[in-house]
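I opened the model and kept notes as I went. Entries follow in the order I looked things up.

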Amino acid sequence: MAGQPEHKTPGGSESPEIPGDAINVGLLGLGVVGGGVAATLLEQRDAIAARVGRPVNLKKALVRDAARARDAAIPTDLITTNPEEILADGDIRLVVEVIGGVSPATQYLKDALAGGKHVVTANKEVMAKHGPELLSLARQNRVNLLFEASVGGGIPIVGCLMKELQANQFRSIRSIINGTTNYILTRMANDHTDFHQALAEAQEQGYAEADPANDIEGIDAVYKLSILAGLAFHHRVAPEDIYRQGIAHLQPQDFRYASELGYAIKSLAIATLENEDIQARVYPALIPLGDMLAKVDGVYNAVEVEGGLCGRVLFHGRGAGRGPTTSAVVGDLLEIAAKLDSEPAPAPSAAPGAASPPERPWRIKSIDDLECKYFLRLNIADRPGVLAQIARILGEQNISIASVLQKDTNPAAQTAEIVITTHPARESSVQKSLELVANLEVVQEISSLLRIEE
Ligand SMILES: NC(=O)c1ccc[n+]([C@@H]2O[C@H](COP(=O)([O-])OP(=O)(O)OC[C@H]3O[C@@H](n4cnc5c(N)ncnc54)[C@H](OP(=O)(O)O)[C@@H]3O)[C@@H](O)[C@H]2O)c1
């Protein structure tokens, strides 16, 4: 294969019944996912060799701290803290990157690809920020770069967009792609738990990191949506092109009012293509209780894509965790291994938003141009005429009210909480009117502004 280091040694196969040279694999990272990949390669060695037609041999695993206790099944002589033992080893043809973060992972990925090694990564941040550049490097070196595990854990959405569903012109992606936020929102909806309590529980259960910012602020979902939108629309949708709002401001009463109105609240990652405009956003939104996504609970993920030929297709499953992520990483690894020396050389991977097929002329639309229904929760002075003042401001911005709920009043403070839902309106008009509403002397607080996605 062009640009490929010559494969010189059998690579340590211990399976005499499987003919052929072993395919040597280097593993960058031996944590939650890396540990699962290593265990699968070691424990299922014979089954994998039978499937691929030759042994797949885990040759080295890179860690940061060699002294750390590891799974006893992993031989200590496999472990190294020197990346060059993998990146500069000509006998290693396949590298799996499960370190995470941008640095040093990006440089390791570049070195592996430039050295003619095939690569599998689970790294959403790197693929969202540097995917096109890395995929172009992979094409130049005629090697594969696969990244199924970067979105949706065990849900095979990346491969489906690149292969099985590639005949489609996609119109939309609607997804729940962060299990931590979905767990928190499910607890808040079902058990009236407040946000901080639900987050603490998610941390106790191991569903949220000690520093949960990436999840609860929507950053993780932005990376994943950037990858999915690039694959679906053949246009780069950079993380900074995606509007983002986290979930920390939500309060139990938002869920109560939403449910009374017939909606669930979910943190959605949505990208749409309409009239040559792409719009992408991650935010908590109301969705009708009958919508399939409203029924996705706990740490589960779901991705719904709408294609011109296939119509709506929904993927549902575990979006993270050792097992599902290992499933995706090892699946990619076996796909590459099975065709490693086939002629012609393995087909270059399709790039998220890069040059294969050619990038389309779509524009990225600002959130200001979004048009949808809105849910507003406000604390106001409990006296006559207040609603009329608010309605006048909304009316002047062409926003028409669909419903008003007034439930909680505080006689001592003479305040009331109201919830207004609107007919479809423009985001820029809603934001402008809220500035004006907030300045009314009778308005104590604008507690929530949520979009309604129908
Ligand atoms: N965990 C999941 O459920 C999940 C799901 C989907 C995708 N992913 C992605 O998979 C990747 C790995 O996640 P993870 O949960 O397995 O992470 P993790 O448990 O923190 O493991 C990271 C591994 O990389 C090693 N490492 C970190 N920095 C290093 C450095 N500078 N040099 C050498 N080794 C280094 C660590 O070494 P030590 O062991 O010595 O600390 C550890 O073995 C991330 O990109 C993540 O986004 C994870």
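Which residues does Val305 touch, not counting residues up to four places away in sequence? I listed Ile157, Leu161, Leu165, Phe170, Ser172, Ile173, Gly311, Arg312, Val313 and Phe315. Contact here means heavy atoms within 4.5 Å.

Ground rules. This is a predicted model: local features need pLDDT of at least 70, side-chain atom pairs count only at pLDDT 80 or more, and totals for chains, interfaces and linings use all residues. Residues are numbered from 1 along each chain as its sequence is written, and side-chain values use heavy atoms, with hydrogens and water left out.

Core. I looked up the largest nonpolar core (buried Ala, Val, Leu, Ile, Met, Phe, Trp, Tyr and Cys joined through side-chain atoms within 4.5 Å; buried is under 20% relative accessible area, 1.4 Å probe, protein chains only). It has 56 residues, and Ile157, Ile173, Leu225, Phe233 and Val305 touch the most other members. Helix 10 (residues 219-233) gives the largest share, eleven residues. Helices are DSSP runs of H or I, at least four residues; strands are E runs of at least two, and both are numbered from the N terminus. Domain 1 (23-151 + 323-338) and domain 2 (159-319) both contribute, so this core lies between them. The domain bounds come from an automatic or database assignment. Another core, of 35 residues, lies apart from it and includes Cys372 and Leu440.

Helix 4. In residues 105-114, I found Ala105, Thr106, Tyr108, Leu109, Ala112 and Leu113 buried. Down the axis they fall within an arc of 165 degrees (directions from axis to C-beta atoms), so they line one face of the helix. Gly116 follows helix 4, with a positive phi near 80 degrees.

Terms used: Buried means under 20% relative accessible area, exposed over 50%, partly exposed in between (1.4 Å probe, protein chains only).
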